[in-house]
Amino acid sequence: MSSNRPGHFSADLGTADGRRAFRLKAGLNYFDRGGVHCIEAVNDQGEGFYVYLPAGIESGVYQLEIGLPSIIHVTDCTEAELYPEGTLTLAVEEEGQFTGIFSGTDANGITVRNGSFRLAFGALS
């Protein structure tokens, strides 16, 4: 069951047409699917990101590969993972709050830089 949680998500995208910013400040969708934490940040135009974190994940720096953890860039017609060059620096706080910074190039060649997110289970501090 999905629920909207306080949080934000942002990233700078480099495409053949130049750079543009993705910003979502109205909260993030969160659900737990089979022990995997799923965070969705999708705007009204159908573009965004899915973040999948395995149950029990701890704070640390992760290379993004096939499998978990993973970050997927979503457009209205494609889903493309940020790997093999992608990285995620994750902080797991008490009560399951997640804060991350990430970068990489998705499978469609879009460069993602200055990515960050925070998902809170209570009010943002």
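Strands here are DSSP runs of E, at least two residues each, numbered from the N terminus. With that in hand, P84 sits in the loop between β9 (79-81) and β10. What you're looking at is a predicted model, and it's an all-strand affair: zero helices and twelve strands. The radius of gyration is 14 Å, close to the 14 Å the globule rule gives for 125 residues, so the protein is as compact as a globular protein of that length.

**Overall build**

- Reading from the N terminus, the elements go β-β-β-β-β-β-β-β-β-β-β-β.
- Taken along the principal axes, the C-alpha atoms fill a box of roughly 40 × 30 × 25 Å.
- Of the 125 residues, 42% count as buried.
- About 6600 Å² of surface is exposed, and carbon and sulfur atoms supply 49% of that.
- Among contacts with a separation of 6 or more, 43% come from residues 24 or more positions apart.

**The sheet**

- Six strands make an open, antiparallel sheet, in the order β3-β2-β12-β11-β10-β7.
- β3 (18-24) and β7 (60-63) are the edge strands; each has a single partner, so one side of each is left without a neighbour in the sheet.
- From one strand to the next, the twist averages 10°.
- Inside the sheet, β11 (residues 98-105) and β12 (residues 111-119) pair antiparallel over seven bridges.
- If you want a register check, G100 has F117 of β12 as its bridge partner.

**Cores**

- The largest nonpolar core has 24 residues, and F9, I39, F49, F102 and F117 are the ones that touch the most other members.
- The elements giving two or more residues to this core are β2 (7-15), β3, β4 (28-33), β5 (36-42), β6 (48-54), β10, β11 and β12.
- There's also a second, separate core of seven residues, with F31, V36, Y50 and Y52 among them.
- Neighbours within four places in sequence aside, I39 is in contact with L28, N29, Y30, F49, Y50, V51, L53, F98, F117 and L119.
- F117 therefore turns up three times: as a bridge partner of G100, as one of the best-connected members of the largest core, and as a contact of I39.**Spots along β12**

- T111 belongs to strand β12.
- Leaving out neighbours within four places in sequence, T111 is in contact with D12, L13, G14, G104 and T105.
- T111 and V61 are 50 residues apart along the chain, with 19 Å between their C-alpha atoms.
- N114 is in β12 too, and its phi is near 55°, a positive value in a residue other than glycine.
- With a relative accessible area of 56%, N114 is over the 50% cut-off and so counts as exposed.

**Loops and cis peptides**

- The bond from L68 to P69 is cis, with omega near -5°.
- P69 is in the loop between β7 and β8 (70-74).
- Y83 and P84 are also joined by a cis peptide bond, with omega about 5°.
- E95 is in the loop between β10 (87-92) and β11.
- Relative accessibility of E95 is 69%, so this residue counts as exposed.
- E95 and G46 are 49 residues apart in sequence, and their C-alpha atoms are 30 Å apart in space.

Technical notes
Residues numbered from 1 in each chain as written. Predicted model: local features only at pLDDT ≥ 70, side-chain atom pairs only at ≥ 80, totals over all residues. Heavy atoms only, no water. Pairing = 2+ DSSP bridges. Helix = DSSP H or I, 4+ residues; strand = E, 2+ residues; numbered from the N terminus. Axes fitted to C-alpha atoms, helices over the stretch in contact; angles between N-to-C directions. Rg over C-alpha atoms; globule rule 2.2 N^0.38 Å. Buried < 20%, exposed > 50% of the residue type's maximum accessible area, 1.4 Å probe, protein only. Contact = heavy atoms within 4.5 Å. Areas by Shrake-Rupley, 256 points an atom, 1.4 Å probe, with all protein chains shown as cover. Core = buried A, V, L, I, M, F, W, Y, C linked by side-chain atoms within 4.5 Å.
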